[in-house]
Amino acid sequence: MAAEAPVIVVGAGLAGLACAAELTAAGVSVRVLEASDDVGGRVRTDIIDGFLVDRGFQVILTAYPELHRQFDVDALDLREFDPGALVWRGGRGHVVSDPFRDPRHMVATATAPIGNLVDKARIARLRARVRAGHPSRLLAGDDISTLEALRSDGFSDAMIQRFFRSLVGGIQLDAELGDSRRMFDIIFRMLADGAAAVPAAGMGAIPRQLAGRLAPDSIEFGAVVSAVTPQRVEIGGTGLGARAVVVATEGPTAAELLGLRDVESKSVGSVWFAADQAPSTSRLVILDGEGAGPVLNVAVMSNIAETYAPHDGHVIAASLPGIVDGDLDALARRQLRRWWGPDVDSWQTLAVHRIRHGQPRQRPPFTPKRSVETTDGIFVCGDHRDTASSQGALFSGRRCAHRVLVALGHSATDATNRTRRYDRASER
């Protein structure tokens, strides 16, 4: 293909934008084809009646290395959750904090009815284990499910059901704790090293900043790709030539386009409410400690970032991992009414999301860093090629760009040095 042809990236989610931004920085012409009407993929923010509403309850973990490699973090204006959680059980919330980062709640954490004192000592031991050494070592060694790992660490069933089930269900969409303990260890390490946060302008600010690194008019919206070959894509019967093609869609779509192994999905529903009064003043994520569900976690987003709501209102996000069918609004209200009483009936429903592919499932044995090159010479990136996280999507996009640069004849040494510069910046 002529050198003037661009590299075509199919998909403007985090992975595709990270890949396109890295190629653009290397001087390569890029054309991004996005089927929807905006960038972000699963990371989008809508403005509804003056409220910021993310598509699903999402956060960014500030300890993710790619956040600091690829973004102007100050410009994102991140607003952080307090460390720990508010576990709802017995008609009230119980603070379970990280005593190493927030010792004010040490006594409350010790007495919270989520497990015994030995369980809480084991959390400290778990924290010490995952923070020992480089995070990459957590992705090596024998692998088992998260549930098996927690049981082998000696945690009681009460602790697992009242705390870990909702915590992991909310972050990893894995309420059954069946996915890899490697992924759990990484997430727990990131929570110990940093904070959960959202940009002041909503999670959609993250892909928008990446898109701002691309050349003007390089993203085409409403472009549904029906087929790909190494140097060509098909859109509505029209072929577009390319120097190389990168498929950066979510896992199921990539598998269909490329004939790859099916990607198993973890689904999630969410309901966003507006209220005149906040049901809690806490800046903690609120976990279901009763095991009743279907809502596993709730966040009063306007407590975290006042920018999420008009000055006279509040916005609440309720997450229902694994549930996308039925009347999600009614299901969520029924549970939250038990928590906070009839005031819940006055809340306005802003949005109901049914996200059938929220994350790729990563069952044990799980090995990250799957190849970003197919046997047909097409490139592929996304969280299904690395870890099921924003970190995984961003890292996958960056290393995919590295392989494309080498394939286009750029020096492998130069491409490697580019990656090393990112790594050194992260270490600092």
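What follows walks through a few strands, one helix, a pair of cysteines and two long-range contacts in a predicted model.

A small sheet makes a handy starting point. It is open, built from three strands in the order β11-β12-β13, and the pairing is antiparallel. The edge positions go to β11 (225–229) and β13 (238–241); each has a single partner strand, so one side of each is left without a neighbour in the sheet. From one strand to the next, the twist averages 20 degrees. Between β11 and β12 (residues 232–235), four bridges hold the antiparallel pairing. As for individual positions, Val225 sits opposite Ile235 of β12.

Strand β15 (residues 265–275) tells another sheet story. Ten of its eleven residues are buried, leaving the strand mostly covered. On the β19 (residues 348–360) side, β15 pairs in the antiparallel sense over nine bridges, and Trp272 has Ala351 as its bridge partner there. β15 is also joined to β18 (residues 314–321), again running antiparallel, by eight bridges. In that pairing, Gly269 stands opposite Leu320. In a regular strand, side chains alternate between the two faces of the sheet.

Turning to the helix, α7 (residues 157–172) comes up a bit short. Its 16 residues would span 22 Å if the helix were straight, at 1.5 Å a residue, yet the end C-alpha atoms of α7 are only 20 Å apart. There is also a bend of about 40 degrees in α7, located at Phe164. Phe164 itself is among the buried residues of the helix, a list that also includes Met159, Ile160, Phe163, Arg165 and Gln172. The run from Ser166 through Leu167, Val168 and Gly169 to Gly170 is buried too. Just past the end of α7, Leu173 adopts a positive phi of about 55 degrees.

On to the cysteines. The structure holds zero disulfides. Cys381 is no exception: its nearest cysteine sulfur belongs to Cys400 and lies 4.3 Å away. Seen from the other end, the closest cysteine sulfur to that of Cys400 is the one in Cys381, and 4.3 Å is too far for a bond, because a disulfide calls for sulfur atoms within 2.5 Å. Cys381 counts as buried because its relative accessibility is 0%, and Cys400 is likewise buried, with a relative accessible area of 0%.

Two residues round things off with contacts that reach far along the chain. Ile48 belongs to strand β3 (residues 45–48) and counts as partly exposed, at 23% relative accessibility. Ile48 and Leu350 are 302 residues apart in sequence, but their C-alpha atoms are 6.7 Å apart in space. Leaving aside residues up to four places away in sequence, Ile48 touches Val53, Leu350 and Ala351; Ala351 is the β19 residue that bridges to Trp272.

Phe221, in strand β10 (residues 219–221), is partly exposed as well, with a relative accessibility of 36%. Phe221 and Leu33 are 188 residues apart in sequence and 6.4 Å apart between C-alpha atoms. With residues up to four places away again set aside, Phe221 touches Glu34, Ser36, Asp37, Asp38 and Val39.

Technical notes. Residues numbered from 1 in each chain as written. Predicted model: local features only at pLDDT ≥ 70, side-chain atom pairs only at ≥ 80, totals over all residues. Heavy atoms only, no water. Pairing = 2+ DSSP bridges. Helix = DSSP H or I, 4+ residues; strand = E, 2+ residues; numbered from the N terminus. Axes fitted to C-alpha atoms, helices over the stretch in contact; angles between N-to-C directions. Expected span 1.5 Å × (residues − 1). Bend = angle between axes of the 7 residues up to and from the residue. Buried < 20%, exposed > 50% of the residue type's maximum accessible area, 1.4 Å probe, protein only. Contact = heavy atoms within 4.5 Å.
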